[in-house]
Every structure is written in structure tokens, then in C-alpha cells.
Amino acid sequence: LTGTELDHAHDILADLLGVVAGALRPSIPVEKLEGDAVFCAGGSGAVAAETVLSTIESCYASFARRRRTIDTLSTCTCAACAAIPQLALKFAAHYGEWVSRDIAGSRELVGTDVIRVHRLLKNSVAEDTGVRAYALITDALVEAAGVPGDAFGREHSERYEDCGELRGRVVD
């Protein structure tokens with residue numbers, strides 16, 4: 001929705017972010033909304049690693065239904081409303097350590113693994129695979145789930161100057 005009418009783009013984004021947060025919240029605590037992203041983090045045992053994929057699939061289904069409903073009910077022809085059918089949902093899922101700190105009056109999650117997740121949001125999955133809506137699940141989460149990596153999709157890696165190589169799986 002970048003570059004489209006601000007009023008409609010933000011209404012659409014707010015609606016869809018609400019759906020995504022609502023779908024994730026029962027399984028993984030929602031920490032905050034960050035622009036066009038919902039950032040979730042569970043403490044030890046908050047969500048079993050092996051249930052992450054089913055949570056993601058359920059969330060995507062909720063997103064897709066709402067996107068279709070908004071598109072079907074909209075009669076507006078502005079660029080933001082016309083872009084609704086092309087909106088895609090992307091997930092970055094990781095397992096690691098973090099701590100919560102009060103910083104400048106706001107609760108923030110900090111740690112190397114938090115930085116890794118933020119880096120993973122800027123990735124080459126769509127360019128490398130042609131898949132627009134996907135879940136990028138790190139090998140750390142796959143290992144924590146105790147499930148063979150092939151069950152999570154095809155291999156993928158990203159390299160970041162400050163984080164090194166992050167390996168994982170892409171689920172279409």
C-alpha cells in the first residue's frame with residue numbers, strides 16, 4: 001500500500017493488522033505493532049514450537065478471508081483499494097533468547113535474537129522463490145520443534161553484515 005492514498009491505505013492496513021494480531025494472540029502473545037508488522041514473542045513454553053506452523057496457517061487463512069471480504073465489499077476505485085487483492089502476508093518465525101526492558105517509557109524486547117528477527121523481515125524470499133506470501137522459519141525454530149526440516153518447506157538462507165548467515169525454511 002506504499003505510495004497509495006494515505007486515508008484508505010491506513011484503514012485497510014489497520015483492519016488487516018487487527019485480524020492478524022487477533023489470529024496470533026491466542027497462541028503467541030502480541031508484543032506490539034511495528035508499522036505494517038505484528039511482533040509476537042512467547043516466553044518459555046508459551047507456544048510449542050511444533051504448533052507454530054499450524055498457528056501461521058490459521059492466521060493466514062483469517063487474513064485471506066478478511067482481504068477477500070474487504071475487496072468484495074469495496075466500491076472505491078482508488079489505488080489503495082485496487083491493491084487489496086495483491087496484498088500478501090509474510091511471516092518470520094524464530095526461536096531464541098530475549099529479555100524485556102522498559103526503555104523510554106515503552107516495553108521493548110531486546111537481544112541478539114530480536115535483532116535477527118527484524119533483519120529477517122528484509123529478505124530475498126520473494127526474489128529467490130517467486131513466492132509472495134510465505135513463512136520464513138529459522139533452523140533454530142525447526143530444531144526446537146524437533147521436526148525434520150523438510151516438514152517446514154524448502155531451504156533458504158540470508159546473510160546480514162551484523163548477524164551473519166541465518167538459515168531456515170520457506171513455507172509457501
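How many aromatic pairs does the count come to? In this predicted model, the count comes to one aromatic pair. The pair is formed by Y60 and F63, whose ring centres lie 6.0 Å apart with an angle of 40° between the planes, an arrangement classed as tilted. Both residues belong to helix 2, which spans residues 52-73; because they are three residues apart in this helix, about one helical turn separates them. The two partners fall into separate accessibility classes: Y60 is partly exposed, at 28% relative accessibility, whereas F63 is buried, at 4%.

Helix 2 also holds C59. The relative accessibility of C59 is 0%, and the residue is therefore counted as buried. Beyond its neighbours within four places in sequence, C59 is in contact with V20, A23, L24, L89 and F91. Among these partners, L24 is 35 residues away along the chain, yet the C-alpha atoms of C59 and L24 are separated by 6.3 Å.

The cysteines were examined for disulfides, and the count comes to zero. The closest cysteine sulfur to that of C40 belongs to C59, at 8.1 Å; this separation is too far for a bond, because a disulfide requires sulfur atoms within 2.5 Å. For C59, likewise, the nearest cysteine sulfur is that of C40, and C59 takes part in no disulfide. With a relative accessible area of 22%, C40 is partly exposed, while C59 is buried.

One of the contacts of C59, F91, leads to strand 3, which comprises residues 90-93. In a regular strand, side chains alternate between the two faces of the sheet. Strand 3 shows such an alternation: F91 and A93 point to one face and are buried, whereas K90 and A92 point to the other face and are not buried. Strand 3 runs parallel to strand 6 (residues 134-138), and four bridges join the two strands. Within strand 6, Y134 is the bridge partner of K90.

Strands 3 and 6 are also among the elements that cover the buried residues of helix 4; this cover further includes strand 2 (37-40), strand 5 (106-110), strand 7 (154-160) and strand 8 (164-171). Helix 4 itself spans residues 112-120, and its buried residues include D113, V114, V117 and L120. These residues lie on the same side of helix 4, because they cover an arc of only 125° around the axis.

Of particular interest within this group is D113, located in helix 4. What is the relative accessibility of D113? The value is 14%, and D113 therefore counts as buried, since the buried class lies under 20% relative accessible area. The side chain of D113 makes a polar contact, at 2.8 Å, with the side chain of R116. When residues up to four places away in sequence are not counted, D113 touches H94, Y95, G96 and E97.

Technical notes
Residues are numbered from 1 along each chain as its sequence is written. This is a predicted model: local features need pLDDT of at least 70, side-chain atom pairs count only at pLDDT 80 or more; totals for chains, interfaces and linings use all residues. Side-chain values use heavy atoms; hydrogens and water are left out. Rings of Phe, Tyr and Trp (its six-membered ring) pair if their centres lie within 6.5 Å; planes under 30 degrees apart count as stacked, over 60 as edge-to-face and the rest as tilted. Buried means under 20% relative accessible area, exposed over 50%, partly exposed in between (1.4 Å probe, protein chains only). Contact means heavy atoms within 4.5 Å. Two strands pair if DSSP finds at least two bridges between them. The arc is that of the directions from the helix axis to the C-beta atoms. A polar contact is a pair of N or O atoms within 3.5 Å; within protein, one must be able to donate a hydrogen and the other to accept it, and residues adjacent in sequence count only if both atoms are side-chain atoms.
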